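Reader: I have a model open and I'm not sure where to start. Can you walk me through it?

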Number of protein chains: 2
Amino acid sequence: MAKVKETLVKTTPPGEDADDIGEIRDIVGFHLRLAHGAVYRHFTETFAELDLTQKQVSVLWLVDDHPGIAQTGLAQRMRMDRATTMAIVNRLEARDLLQRGKSDTDGRKQTLHLTVAGKAMLATAKEAIRAHEEWLKSRYTAREVAVLIELLTRLHE
Amino acid sequence: MAKVKETLVKTTPPGEDADDIGEIRDIVGFHLRLAHGAVYRHFTETFAELDLTQKQVSVLWLVDDHPGIAQTGLAQRMRMDRATTMAIVNRLEARDLLQRGKSDTDGRKQTLHLTVAGKAMLATAKEAIRAHEEWLKSRYTAREVAVLIELLTRLHE
DNA sequence: TATTGTTATACTCTATAACTATA
DNA sequence: TATAGTTATAGAGTATAACAATA
């Protein structure tokens, strides 16, 4: 479990520390956090004009794919709790991109739908996503993209 | 560029949407965000008793690896701006885990060092990191871990 | 009892801007 | 001029707790 990196990753030069656990560059979580941060920053730049965050775009997209979805359904797909979901839905509703309705079958549930403005915003957002994804994918082969998605999926499934 | 997923990832069932850009599950950034969130949550649980965040542990670790590092050096390695770095260093200094000093060669710079308590905390944190990483790596082969790190590194290098 | 939505609260992360001191 | 640190500010994400309405 300690001699793996030599196979694919460039060998670590003799470290100044010989700890039990190794170096911070061998920690998967460290790289995941840095990678997420880098992508987050590029996303924010790409979406500065639209003034949308990753989460907000994801919510618009998911509501469009699943019209009438309840907030809890959204929370499950986004891996968020109810309070966080509320906050995001509130912001989108305040901007008239999304609207709440009452469920016919379950009085406790809200039904979520995009407004006309929301659908237009999503269409624009998808264009920006395409540019953002191309920037991201530019450093990978098509095969590597598939592998990366597969490996990442195992972390949140 | 659209027929890649069949090779490695399970085929997408006929979607209800036939958009230009495809489905949200084909977006790398979407999976990266979910994966990061899942790992972030597990990290938080693991470090609840120590009351340390990912960033704080990373800072302690990096300062220990590079004694006397300046805040800007820390910011570069962490991909953070100066203000964010300040906030984190302030918290760690307030808890007496880290201390600031003046640089001999450059009056503008701070030199950062761990306190005795900071070194003890880092040692404990590394044990928790080991458990956290084992949870994370449990779903991968050693080869896959190396591949994942290599692919993630390309996003933040 | 369990679920859903809601509200309130608090902390962290992130970024920007403006200021001071030093190079 | 540029760099390093500092301070203030603001928005967003994350989580917890408690409450009301409904199943």
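Reader: What does A:Arg108 do at a base oxygen of DNA strand C?
Author: In this predicted model, a polar side-chain atom of A:Arg108 lies 3.1 Å from a base oxygen of DNA strand C. That fits the definition of a polar contact, a pair of N or O atoms within 3.5 Å; within protein, one must be able to donate a hydrogen and the other to accept it, and residues adjacent in sequence count only if both atoms are side-chain atoms.

Reader: And A:Arg82, which atom of DNA strand C is it 2.8 Å from?
Author: A base nitrogen. The partner is an N or O atom in the side chain of A:Arg82. B:Arg91 has a polar side-chain atom 2.9 Å from a phosphate oxygen of DNA strand C.

Reader: Which elements sit on the surface near DNA strand C?
Author: Helix H4 (71–78) and helix H5 (82–94) of chain A, plus helix H5 (82–94) of chain B, each give two or more residues. H5(B) gives the most, with 4 residues. Helices here are DSSP runs (H or I, at least four residues), numbered from the N terminus.

Reader: Which residues come nearest to DNA strand C?
Author: A:Arg41, A:Arg82, A:Met86, A:Gln110 and B:Lys55, out of 21 residues around the strand. A residue is near a strand if one of its heavy atoms lies within 4 Å of it. Of the atoms of DNA strand C that come within 4 Å of the protein, 58% belong to sugar and phosphate.

Reader: How do those residues divide by type?
Author: Into 5 nonpolar, 6 polar and 10 charged. Ala, Val, Leu, Ile, Met, Phe, Trp, Tyr, Cys and Pro count as nonpolar, Asp, Glu, Lys and Arg as charged, and the others, Gly among them, as polar.

Reader: OK, other strand. How many residues surround DNA strand D?
Author: 22, and the closest are A:Thr53, A:Lys55, B:Arg41, B:Arg82 and B:Met86. Sugar and phosphate make up 65% of the atoms of DNA strand D within 4 Å of the protein.

Reader: Which side chain has a polar atom 2.7 Å from a phosphate oxygen there?
Author: That of A:Thr53. For B:Gln71, a polar side-chain atom is 3.0 Å from a phosphate oxygen of DNA strand D. B:Arg100 has a side-chain N or O atom 3.3 Å from a phosphate oxygen of DNA strand D.

Reader: Which helix gives the most to that surface?
Author: H5(A), with 4 residues. The surface near DNA strand D divides into 6 nonpolar, 6 polar and 10 charged residues.

Reader: New topic. What rotation puts chain A on chain B?
Author: A rotation of 180° with 0.0 Å of shift along its axis, at RMSD 0.0 Å. That is the relation of a two-fold axis. The superposition is by least squares on the C-alpha atoms of residues with pLDDT of at least 70 in both.

Reader: How many residues of chain A are in contact with chain B?
Author: 63 residues of chain A are in contact with 64 of chain B, where contact means heavy atoms within 4.5 Å. The copies meet through the same surface, because 100% of the interface residues of chain A are also interface residues in chain B.

Reader: How many salt bridges between them?
Author: There are 2, a salt bridge being a side-chain nitrogen of Lys or Arg within 4 Å of a carboxyl oxygen of Asp or Glu. One joins the side chains of A:Glu144 and B:Arg154 (2.9 Å, N to O). Between chain A and chain B, 19 residue pairs are in polar contact (both at pLDDT 80 or more).

Reader: Any rules behind the numbering and the values?
Author: Residues are numbered from 1 along each chain as its sequence is written, with chains lettered from A and ligands numbered from 1 in the order in which they are written. Local features need pLDDT of at least 70, side-chain atom pairs count only at pLDDT 80 or more, and totals for chains, interfaces and linings use all residues, while side-chain values use heavy atoms, with hydrogens and water left out.
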